[in-house]
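I opened this notebook to record what I looked up, and in what order. My plan was to begin with the overall layout and finish with a single residue.

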Amino acid sequence: MNTTSALAVRRATTKDIDQMLSIINEYARQGLMLPRTKISVLENLQSFLVAFDQDKVVGVAGLHILWDDLAEIRSLAISESAKGLGVGKRLVLSLVEECKNLGVKRVLALTYQKEFFEKCGFYVVAKETLPQKVWKDCINCSKLPCCDEIAMIRESC
């Protein structure tokens with residue numbers, strides 16, 4: 001992929017799952033995100049967007065509603081061939097727009113990519129200010145005792 005001219009973003013479908021898992025789990029192997037199983041993606045398929053170029057998935061991101069005023073961007077991953085082409089930003093901004101449409105006022109990202117999310121309008125917050133996330137998801141995460149991810153928020157409205 002040399003340009004973003006053919007790039008499009010749409011809701012993920014079952015035919016995208018293998019490509020999505022390949023991209024996500026490559027980052028997981030590097031310790032940059034949590035791995036996903038096929039069943040976890042299938043069970044949450046309606047919450048995922050994909051960026052694609054022709055028939056090839058080049059990016060993926062999910063949106064998980066945590067509370068009536070808080071959603072989380074999850075599993076944001078871009079293929080090596082599409083890095084630096086604005087794919088991640090398009091996915092993030094599409095999910096922020098979805099939050100607006102749903103009436104969710106804040107969007108959360110737990111990330112190692114602070115600068116990227118700052119460019120998308122997010123700012124750093126203390127994880128302790130997010131009890132909805134900590135008690136719903138983080139409590140079961142293997143990283144909980146030593147989590148080094150950065151919590152970032154963006155207002156969607």
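Before reading off the order of elements, I noted that helices (H or I, at least four residues) and strands (E, at least two) are DSSP runs, numbered from the N terminus. The model I am looking at is a predicted one.

Entry one, the layout. I found five helices and seven strands in the chain, and going from the N terminus I read their order as β-α-α-β-β-β-α-β-α-β-α-β. Of the 157 residues in the chain, 45% are buried. I also looked up the contacts with a separation of 6 or more, and 71% of them join residues 24 or more positions apart.

Entry two, the sheet. How are the strands ordered in the sheet? I read an open sheet of seven strands in the order S1-S2-S3-S4-S5-S7-S6, with mixed pairing. Strand S1 (7–11) and strand S6 (123–124) stand at the edges with a single partner strand each, so one side of each has no neighbour in the sheet. I then followed S5 and strand S7 (residues 150–155), which pair in the antiparallel sense over six bridges, and I noted that Thr-111 stands opposite Ile-150 in S7.

Entry three, helices against the sheet. I saw that H1 lies across S2, S3 and S4 and runs at about 75° to S3. Helix H3 also packs on the sheet, where it touches S1, S2, S3, S4, S5 and S7, and its direction makes about 35° with that of S3.

Entry four, the cores. The largest nonpolar core has 39 residues, and among those with the most contacts inside it I listed Met-20, Ile-73, Leu-91 and Phe-122. Elements giving two or more residues to this core include helix H1 (17–29), strand S3 (56–67) and helix H3 (87–102). There is also a second, separate core of eight residues, which includes Leu-66, Leu-108, Leu-110 and Leu-130. I went back to Leu-91 and, leaving aside its neighbours within four places in sequence, found contacts that include Val-9, Leu-49, Val-60, Leu-76 and Ile-78.

Entry five, one residue in helix H3. Is Leu-102 buried or exposed? Leu-102 lies in helix H3, and because its relative accessibility is 53%, over the 50% cut-off, I counted Leu-102 as exposed. Not counting residues up to four places away in sequence, Leu-102 touches Leu-63 and Ile-65. Last, I looked up Leu-102 and Asp-68, which are 34 residues apart in sequence and 9.3 Å apart in space, C-alpha to C-alpha.

Terms used: Residues numbered from 1 in each chain as written. Predicted model: local features only at pLDDT ≥ 70, side-chain atom pairs only at ≥ 80, totals over all residues. Heavy atoms only, no water. Buried < 20%, exposed > 50% of the residue type's maximum accessible area, 1.4 Å probe, protein only. Contact = heavy atoms within 4.5 Å. Core = buried A, V, L, I, M, F, W, Y, C linked by side-chain atoms within 4.5 Å. Pairing = 2+ DSSP bridges. Axes fitted to C-alpha atoms, helices over the stretch in contact; angles between N-to-C directions.
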